Amino acid sequence: MTSFPAIVDSTIMNNLRNCLRKMQLKDVEHWKPKGTNVHLHAGAAFAHGLERARRSYYEAQNDASTALAHGTRALMEAYGDYQPPDGSAKTLERMLGALEFYFAEWPLGSGAQPHKMPSGKYAIEFSFAQPLAIRHPDTNEPIIYAGRSDMICDFADGVYIEDDKTATQLGDAWTKQWDLRSQFTGYCWAARESGIKTNGVLVRGVSILKTKYGRADAITYRSAWEIDRWLNQTIRDLERAKTAWGSGYWDYALDDACNNYGGCCFRDICKSEKPDEWLPMNFERRRWDPLERTETLLEA
Amino acid sequence: MPDSVQVDLWRQKALAGTLTDEECREVVAHLRADRIAADMRGKAKRDLRGPAKTGDELLDELESL
């Protein structure tokens, strides 16, 4: 089933901005590489562990040792029976070690603390789904922008969105890459729409190598005019996608976007004169639901 | 590092829903001990190497050969 997305998130927007053809293949026709991506799988398991530990400590009021134990179990449950590729640093053991390292570096109960919302709940895993001022080409309903940040926190006399990242390498480049990142501007917009005034985004990075772990912190700020610009640009970008949908032709990048970050997964497809014959060989159709955060296998 | 057999046992218990809080604390204690041991090994290696030589020191060494 091919459909223009009714709900978009930062990943879909990133695909759109990099290459419309990529958005078409991934987010309209739902082609995804066969198999499980180790970085996504391990990252998701790590996020589960973090969330559970935080909820155990702040909501259930358990001590830090119990909270970390709960987080450790949650990570194991989420990682499941998955076997990573040979040579990968993101084995279950290393991810468990990364969780222990994380809370050694950023202990529960100190530093950035989850913000208490007006409802009285702690803002652990801040999820949002907000309508945009642009209509779906078929249903005419507002397109929804959805997402989830790891936490909204009180830090240094301010309120910040908090996001945790796992990486293979940290350093100056890692710290500096967040200042224009659309994902974070979107979080700040969503918080504003939810009535929460934030100062910026606190990013925590953990590098996971075979024999050691590393950490980095970054703070990036968003002014009101930057958020307004992001909103305007997001709508303009979706208008381009609607035009492509309407015309049936999705523009190709055919440049750096094809090769950045290890190369686009559709590179071989775009090298083929008959992509439809090659797609089912290495790809399958799975639809990602940004609200439920689940993937559903579709018929080819 | 806890060996892969031990990790797998923990994993299977977690997936079966039978891994207790006490066992999870044991897992954490193993991981913490491994991390501290790795940090100490790293520090020992750096101490053996000593402080990095300056360019002048390296040139002096070259000239004395």
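## A tour from ring cluster to pockets

Start by selecting F126(A), F128(A), Y145(A), W174(A), W178(A), F184(A), Y187(A), W189(A) and W230(A), which ring pairs link into a cluster. Keep in mind throughout that this is a predicted model.

**Stop 1: inside the cluster**

Zoom in on W189(A) and W230(A). Their ring centres are 5.4 Å apart and their planes meet at 45°, so this pair is tilted. Colour by secondary structure next: W189(A) belongs to helix α7 (residues 182-193) of chain A and W230(A) to helix α8 (residues 224-247) of chain A, so the pair ties together parts that are 41 residues apart in sequence. Switch on a surface and look for these two side chains. W189(A) has 2% relative accessibility and counts as buried, and W230(A), at 7%, counts as buried too.

Stay with the cluster and pick F184(A), then add R181(A). The charged end of R181(A) sits over the ring of F184(A), 5.8 Å from the ring centre.

**Stop 2: another ring pair**

How many aromatic pairs does the structure hold over all chains? There are 21. For one with another geometry to look at, select Y102(A) and F103(A): the ring centres are 5.1 Å apart and the planes stand at 75°, so the pair is edge-to-face. Is Y102(A) buried or exposed? With 0% relative accessibility, Y102(A) is buried. F103(A) is buried as well, at 9%.

**Stop 3: the cavity beside these rings**

Leave Y102(A) and F103(A) on display, since both are among the residues that line the largest cavity. To complete the lining, add R54(A), Y58(A), W106(A), P107(A), L108(A), S110(A), A112(A), M151(A) and R204(A). A search of the whole structure turns up one cavity of 30 Å³ or more, and the largest cavity holds about 70 Å³ of space.

Which helices should you highlight around the largest cavity? Try α3 (38-59) and α5 of chain A, each of which supplies at least two residues of the lining. If you colour the lining by residue type, you will find eight nonpolar residues, one polar and two charged.

**Stop 4: along helix α5**

Now follow helix α5 of chain A to E100(A). Is E100(A) buried or exposed? At 2% relative accessibility, E100(A) counts as buried. Draw a distance from E100(A) to T72(A), C-alpha to C-alpha: the two are 8.1 Å apart in space and 28 residues apart in sequence.

**Stop 5: the second largest pocket**

Helix α5 also leads to the next site. The second largest pocket takes two or more lining residues from α5 (92-105) of chain A and from α2 (21-49) of chain B. Bring chain B into view for this one. Which residues lie nearest the centre of the second largest pocket? Select T211(A), K212(A), A38(B), D39(B) and R41(B), out of the 23 residues that line the pocket.

The volume of the second largest pocket is about 600 Å³. Trace α2(B) along the site, as this helix gives the most to the lining, with twelve residues. Colouring by type again, the lining of the second largest pocket shows seven nonpolar residues, three polar and 13 charged.

**Stop 6: two loops with a positive phi**

Return to chain A and go to the loop between α3 and α4 (64-79), where you will find Q61(A). Check its backbone: Q61(A) has a positive phi of about 60°, although it is not a glycine. Q61(A) is exposed, at 62% relative accessibility.

Then move to the loop between α8 and α9 of chain A and select L254(A). L254(A) is not a glycine either, yet it has a positive phi of about 50°. With a relative accessible area of 62%, L254(A) counts as exposed.

**Last stop: a loop serine**

Finish in the loop between α9 (267-270) and α10 (275-282) of chain A, where S272(A) has its place. Is S272(A) buried or exposed? With a relative accessible area of 18%, S272(A) is buried, because the cut-off for buried is under 20%. Show side chains here and add W278(A): the side chain of S272(A) makes a polar contact with the side chain of W278(A), at 3.3 Å.

Methods
Residues numbered from 1 in each chain as written. Chains lettered and ligands numbered in written order. Predicted model: local features only at pLDDT ≥ 70, side-chain atom pairs only at ≥ 80, totals over all residues. Heavy atoms only, no water. Phe/Tyr/Trp six-rings, centres within 6.5 Å; stacked < 30°, edge-to-face > 60°. Buried < 20%, exposed > 50% of the residue type's maximum accessible area, 1.4 Å probe, protein only. Helix = DSSP H or I, 4+ residues; strand = E, 2+ residues; numbered from the N terminus. Lys NZ or Arg CZ within 6 Å of the ring centre and 35° of its normal. Polar contact = N/O pair within 3.5 Å; in protein donor to acceptor, adjacent residues only side chain to side chain. 1 Å grid on protein atoms, 1.4 Å probe; cavity = no way out; pocket = protein on both sides within 12 Å on 5 of 7 lines; lining within 4 Å. Points joined across faces, edges and corners; volume = space filled by probe spheres on them. Nonpolar A, V, L, I, M, F, W, Y, C, P; charged D, E, K, R; others polar.
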